[in-house]
Amino acid sequence: MAAEGRVLWLLGLGMAACNLTGARLGVHFALKRGSRFIRVVLLCVVIALVVKLAYDQFA
């Protein structure tokens, strides 16, 4: 798609903005609340992804 010159620039710009915002929020929370908080959040996200994948696979 990009090799043919058909690039969705607006979508890419939105994704970049969300990526930047998420990174800044992550750094803010990591510095403010510490690594224990980040570890708990990461564990919750991983568990949610495992549950979603299991549901998609077996439901």
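**Entry 1. Charged pairs**

I began with Glu 4 and Arg 6, whose side chains meet in a salt bridge, with 2.8 Å from N to O. I noted that the model is predicted. I then looked up how open these two residues are. Glu 4 counts as exposed, at 58% relative accessibility. Arg 6 also counts as exposed, at 51%. I recorded that value with care, because exposed requires a relative accessible area over 50%.

I next asked how many salt bridges the count gives. The count comes to two. In the other one, I found the side chains of Lys 52 and Asp 56, with 2.5 Å from N to O. Where do Lys 52 and Asp 56 lie? I located both in helix α2, which covers residues 35–58. They are four residues apart, about one turn of the helix. Lys 52 is partly exposed, at 46% relative accessibility, and Asp 56 is partly exposed too, at 43%. As a general remark, I wrote down that side chains of opposite charge can pair when their charged atoms come close.

**Entry 2. Aromatic rings**

I turned to the rings and found a count of one aromatic pair. Phe 29 and Phe 37 form this pair, with 5.9 Å from centre to centre. I read 50 degrees between the planes, and the pair is tilted. The label follows because planes under 30 degrees apart would count as stacked and those over 60 as edge-to-face.

Are these rings buried or exposed? I found that Phe 29 is partly exposed, with a relative accessible area of 31%. Phe 37 is likewise partly exposed, at 28%. Neither counts as buried, because that term requires a value under 20%.

I also examined what sits over the ring of Phe 37. The charged end of Arg 33 does, 5.0 Å from the ring centre. Phe 37 thus appears twice in my notes: in the pair with Phe 29 and beneath the charge of Arg 33.

**Entry 3. The whole chain**

I then surveyed the chain as a whole. Its secondary structure comes to two helices and zero strands. The radius of gyration is 17 Å, well over the 10 Å that the globule rule gives for 59 residues, so the chain is more spread out than a compact globule. I found that the C-alpha atoms fill a box of roughly 45 × 40 × 15 Å along the principal axes.

Finally, I looked up burial and surface. Of the 59 residues, 0% count as buried. The chain exposes about 5,600 Å², and carbon and sulfur atoms supply 72% of that area.

Technical notes
Residues are numbered from 1 along each chain as its sequence is written. This is a predicted model: local features need pLDDT of at least 70, side-chain atom pairs count only at pLDDT 80 or more; totals for chains, interfaces and linings use all residues. Side-chain values use heavy atoms; hydrogens and water are left out. Rings of Phe, Tyr and Trp (its six-membered ring) pair if their centres lie within 6.5 Å; planes under 30 degrees apart count as stacked, over 60 as edge-to-face and the rest as tilted. Buried means under 20% relative accessible area, exposed over 50%, partly exposed in between (1.4 Å probe, protein chains only). A charge sits over a ring if NZ of Lys or CZ of Arg is within 6 Å of the ring centre and within 35 degrees of the ring normal. The radius of gyration is taken over C-alpha atoms; the globule rule is 2.2 Å times the number of residues to the power 0.38. Accessible areas come from the Shrake-Rupley method with a 1.4 Å probe; for residues, only the protein chains shown count as cover. A salt bridge is a side-chain nitrogen of Lys or Arg within 4 Å of a carboxyl oxygen of Asp or Glu.
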